[in-house]
Amino acid sequence: MFGLVDVNNFYASCEQLFRPDLRSRPVVVLSNNDGCVVARSPMAKAMGIKMGQPAFQLRDHAQSTGLVMLSSNYPLYADMSSRVMATLESLSPAVEVYSIDEAFAALDGMSLLQLESWGRDARATIQRDQGLTVGVGIAPTKTLAKAANWAAKKWPATEGVVVLTDPARRRRLLSLMPVQEVWGVGSRLHRRLNAEGVHTALQLAAQGPERLQERYSVVLARTACELAGTSCLALDLAPPAKQQIVVSRSFGDRVTSLPVLQEALSNYVARAAEKMRSEGMATLQVAVFVRTSWFSPSEPRYSNTAVGRFPGPTVDTRDLLALARQLLQRIWRPGFRYAKAGVMLTDLVAMDGQQGDLFLPAGRDPRVMEAMDRINRSGYGRVAFASQGAQLRRPWKMKQQQLSPAYTTRWSDIIQTR
């Protein structure tokens, strides 16, 4: 048995948690540079606001309806996510963190009454300890658990918990569930299925796995088996190692100067290196890319990518910065207004157990980067490289004009009560 626990309207709920005045108002969270909607509160959904809707279309709307638009506060969301996952790990012997706001829990060996009780307890505990509301779906396969979770959120009468152990109840739910709501069925695939008369999850479950594998893919065939009650997907307790690490941002203002672009890229490289080391990986290859805006037809367009390799794996930010600088010089073209840049680390290998090369010079001492990472994680300050710049006004920094405080991760932002 699997339990799928998913926080309702996660980003918007985190914002409302520390702002009780927002709980009676529609709230949306915007993407990088405050560009478009990436999360909505239930009131915002009821107003007809769509995911991905550009923020400029909502400004007049906000004045007339009281809509609140907030910038993405990823440190807050990540910290609240870690707290929810820690609570789940205290309630289940095995937990697979599937995304920032949802996780699968192992619930083997429980009776129907115990499963229902576990779901209610998990929901109440997270509400009490983190102040967030979750939906809980419980079923004998992961795909059915996702379907049960969808039902727990859709119908208030369930009180946020649905257990699918009864075949008749399962069949009833799948007959009401549109096929596009099935885990892993995207918009293009659901249109193909609709064209062949498959409109509900129950109709998909009734399809023969061999036919689905022949006409579509083994993944869809596995999904149909899971909907029919045959478990094909186990808990993934050890996520596979990352194949690449990408850090890219759209600039707050257009960048026309090479030194400014170098400074922005240096910050992206430093961040990518930190993420790589936290994963216990080293890299053999770096790719740097730049582009102008896709949405300014009156301006000349340009995009390019350059790739470079190291003779051996490295974890040192200094090596990455030096190579990235060379690659940027190779693709830089004056006369353009750059809108975005980024870095990609590929050919990742585990830092431990690397075989050295007799004919290559010894690499840099990894303890320098270890010390730097410890300082930057300590909360007492940050150490950076000179190429990352020290300007207070950085034209490339993201626009976050409606950014909420870091309520749980910065001492100065902790709420004070009097």
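Accessible areas here come from the Shrake-Rupley method with a 1.4 Å probe. With that in hand, the protein chain exposes about 22,100 Å². Carbon and sulfur atoms supply 52% of that area.

Good morning. One thing up front: this is a predicted model. How confident is it? The mean pLDDT of the protein chain is 89. Of its residues, 95% reach 70 or more. Confidence is highest in β7, at 96. Confidence is lowest in helix α3, residues 59-65, where the mean is 77. Where pLDDT is low, the predicted coordinates should not be read in detail.

Now the overall picture. The chain has 418 residues, and 45% of them count as buried. There are 14 helices and 12 strands. Along its principal axes, the C-alpha trace spans about 65 × 60 × 50 Å. Next, contacts. Take those in the chain with a separation of 6 or more: residues 24 or more positions apart account for 69% of them.

On to the pockets. The largest pocket holds about 1,900 Å³ of space. Its lining has 41 residues, and the closest to its centre are Pro 75, Arg 249, Arg 271, Glu 274 and Arg 382. Which elements give two or more residues to this lining? They are α4 (74-91), β9 (245-255), α12 (258-278) and α14 (367-378). The largest share comes from α12, with eight residues. By type, the lining divides into 14 nonpolar, 14 polar and 13 charged residues.

Second pocket. The second largest holds about 1,200 Å³. It is lined by 46 residues. Nearest its centre lie Val 7, Asn 8, Asn 9, Lys 45 and Lys 153. Several elements each supply at least two lining residues. Near the start of the list are β1 (2-7) and α1 (10-17). Then come β3 (37-40) and α2 (42-46). The list ends with α5 (112-130), β7 (134-139) and α6 (142-154). Which of them gives the most? That is α6, with seven residues. This lining divides into 21 nonpolar, 12 polar and 13 charged residues.

We meet α6 again around helix α11, residues 218-227. In α11, the buried residues are Leu 220, Ala 221, Thr 223, Ala 224, Glu 226 and Leu 227. Look at the spacing on your screen. An α-helix has 3.6 residues a turn, so residues three or four places apart point the same way. What covers the buried residues of α11? The cover includes α6, α7 (167-176), α8 (187-195), α9 (201-205) and α10 (209-215). After α11 comes Gly 229, with a positive phi near 105 degrees.

That brings me to backbone angles. Two residues other than glycine also deserve a look. Glu 159 is not a glycine, yet its phi is positive, about 55 degrees. Where does Glu 159 sit? Its place is in the loop between α6 and β8 (161-163). Is Glu 159 buried or exposed? The cut-off for exposed is over 50% relative accessible area. Glu 159 has 54% relative accessibility, so it counts as exposed.

The other residue is Asp 347. Its phi is also positive, near 50 degrees. Asp 347 lies within a strand, β12, residues 338-350. At 34% relative accessibility, Asp 347 counts as partly exposed.

To close, go back to the two pockets on your screen. Start with α12 for the largest one. Then find α6 for the second largest. Thank you.

Note on methods: Residues numbered from 1 in each chain as written. Predicted model: local features only at pLDDT ≥ 70, side-chain atom pairs only at ≥ 80, totals over all residues. Heavy atoms only, no water. 1 Å grid on protein atoms, 1.4 Å probe; cavity = no way out; pocket = protein on both sides within 12 Å on 5 of 7 lines; lining within 4 Å. Points joined across faces, edges and corners; volume = space filled by probe spheres on them. Helix = DSSP H or I, 4+ residues; strand = E, 2+ residues; numbered from the N terminus. Nonpolar A, V, L, I, M, F, W, Y, C, P; charged D, E, K, R; others polar. Buried < 20%, exposed > 50% of the residue type's maximum accessible area, 1.4 Å probe, protein only. Contact = heavy atoms within 4.5 Å. pLDDT = per-residue confidence, 0-100.
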